[in-house]
Amino acid sequence: MSPSTIVVAGATGNLGGRITRALVERGADARALVRPATAPTKLDTLRSLGVAITAADWTASALAPALSGAACVVSALSGLRDQIVAAQSVLLQAAVQAGVPRFIPSDFSIDFTGLPPGQNRNLDLRREFHARLCQSPIAATTIFNGAFADMLTGEMPLILFRLRCVYYWGDADQPMDFTTMDNTATFTAAAALDPSTPRFLRIAGSELSARQLAAIASEVTGHRFRLFRAGGLSRLDKLIRVARYLAPGSNSLYPPWQGMQYMRNMFSGQAKLHPLDNARYPGIHWTTVRELLAAHLSH
Ligand SMILES: NC(=O)c1ccc[n+]([C@@H]2O[C@H](COP(=O)([O-])OP(=O)(O)OC[C@H]3O[C@@H](n4cnc5c(N)ncnc54)[C@H](OP(=O)(O)O)[C@@H]3O)[C@@H](O)[C@H]2O)c1
């Protein structure tokens with residue numbers, strides 16, 4: 001086993017690609033595991049990084065040879081039960097067969113360890129996979145990063161730039177965690193190369209409440225951002241139930257109600273990361289939400 005050989009599954013994806021790049025930047029022998037059907041154009045960036053790529057059928061016996069000699073397998077798969085439970089279980093089985101000592105699952109989320117089951121469909125799938133991880137003879141490390149801060153300028157309806165307001169449920173002073181994808185990838189690469197990681201690592205580039213987000217948005221844009229309280233958490237619970245009934249979208253990764261479930265978990269404080277492990281690897285510049293918004297608005 002070589003301590004610097006790390007295999008990334010999902011390396012053609014958004015986060016997986018960044019983790020692979022960060023591994024190369026740290027001098028690792030980074031290897032990408034892809035499916036035979038993966039579009040060849042998705043491999044160009046990996047090739048330009050000099051990463052060894054193995055395309056294999058997603059069965060334990062076909063994957064195991066590509067994992068042989070690795071110190072850690074990092075999964076950055078994305079999806080629902082087929083990916084998070086089924087495909088990751090095959091990857092885990094292959095890692096055990098190949099004698100890989102460590103595994104980083106594709107969690108990269110808010111901290112779901114204290115959430116009651118049934119509150120967040122996508123995170124329940126991760127919990128289901130954790131039950132299998134716990135039974136396997138491999139040391140697992142989950143990385144919790146809160147929400148990707150990058151989403152604040154797009155997919156995440158918290159800062160409503162055109163309306164100049166910050167939208168929230170419950171308590172305007174509840175702190176929430178935001179970390180950029182690049183910071184998450186850099187920290188994950190460092191953790192993959194670290195032989196003694198604990199079961200959970202928690203990171204956040206910024207810990208901010210809705211009120212603090214409004215202050216930062218005001219400061220960065222030069223316009224006053226108001227707070228808009230959509231309602232209490234019990235109202236959000238009812239809305240989630242109605243949205244789920246009207247538009248189940250069961251095969252969709254992010255139907256509207258799923259986004260609301262993440263909001264619910266963040267605004268309740270139940271998924272807050274504590275304590276943070278940001279200082280574990282020196283030399284990482286943690287991009288703050290203020291820096292991210294300023295850079296976004298200057299483009
Ligand atoms: N905390 C947050 O705010 C936040 C936000 C977004 C995502 N995330 C998390 O970050 C992680 C990565 O997400 P992402 O957005 O980077 O994903 P992505 O860009 O959609 O990439 C998914 C990767 O998984 C691979 N894949 C999908 N199904 C597979 C299967 N059945 N077998 C093998 N490989 C498969 C894809 O390979 P192909 O190229 O072959 O399709 C691709 O490489 C996930 O855990 C996701 O939930 C967190």
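**Figure 1. Tryptophan 58 sits in the loop between strand S3 (52-55) and helix H3 (60-67).** The model shown here is predicted. Tryptophan 58 counts as partly exposed because its relative accessibility is 22%, and the buried class stops under 20%. Beyond four places in sequence, tryptophan 58 touches Ala9, Leu33, Val34, Arg35, Leu63, Leu77, Ala87, Val90 and Leu91. With one of these residues, alanine 87, there is also a polar pair: a polar side-chain atom of tryptophan 58 lies 3.0 Å from the backbone oxygen of alanine 87. Alanine 192 is 134 residues from tryptophan 58 in sequence. In space, their C-alpha atoms are 22 Å apart.

**Figure 2. A shell of 25 residues surrounds the ligand.** The closest are Thr12, Leu15, Thr38, Ser106 and Arg126. By residue class, the shell holds ten nonpolar, eleven polar and four charged members. Helix H1 (14-25), helix H4 (81-97) and strand S8 (147-148) each contribute at least two residues to the shell.

**Figure 3. Backbone atoms of asparagine 14, leucine 15 and glycine 146 pair with ligand atoms.** A polar backbone atom of asparagine 14 is 2.9 Å from a ligand oxygen. For leucine 15, a backbone N or O atom lies 2.8 Å from an oxygen atom of the ligand. At glycine 146 the ligand partner is a nitrogen atom, 3.0 Å from a polar backbone atom. Taken alone, the ligand exposes 930 Å². The protein buries 80% of that area.

**Figure 4. The largest nonpolar core has 38 residues.** Phe178 and Leu213 have the most contacts inside this core. Two strands and four helices are named here: strand S10 (165-169), strand S11 (176-179), helix H7 (210-221), helix H8 (233-246), helix H9 (256-268) and helix H10 (289-297) each supply at least two of its residues. Apart from this core lies another, of 34 residues. Among its members are Val51, Ala71, Met181 and Ala192. In soluble globular proteins, nonpolar side chains tend to be buried together.

**Figure 5. Close-up of leucine 213 and the residues it touches.** Leaving out residues up to four places away in sequence, leucine 213 touches Leu152, Leu158, Ile159, Val166, Met176, Phe178, Leu208 and Val289. Phe178 appears in this list, and Phe178 and Leu213 are the residues with the most contacts inside the largest nonpolar core.

Notes:
Residues are numbered from 1 along each chain as its sequence is written. This is a predicted model: local features need pLDDT of at least 70, side-chain atom pairs count only at pLDDT 80 or more; totals for chains, interfaces and linings use all residues. Side-chain values use heavy atoms; hydrogens and water are left out. Buried means under 20% relative accessible area, exposed over 50%, partly exposed in between (1.4 Å probe, protein chains only). Contact means heavy atoms within 4.5 Å. A polar contact is a pair of N or O atoms within 3.5 Å; within protein, one must be able to donate a hydrogen and the other to accept it, and residues adjacent in sequence count only if both atoms are side-chain atoms. A residue is near a molecule or strand if one of its heavy atoms lies within 4 Å of it. Accessible areas come from the Shrake-Rupley method with a 1.4 Å probe; for residues, only the protein chains shown count as cover. Ala, Val, Leu, Ile, Met, Phe, Trp, Tyr, Cys and Pro count as nonpolar, Asp, Glu, Lys and Arg as charged, and the others, Gly among them, as polar. A nonpolar core is a set of buried Ala, Val, Leu, Ile, Met, Phe, Trp, Tyr and Cys residues joined through side-chain atoms within 4.5 Å.
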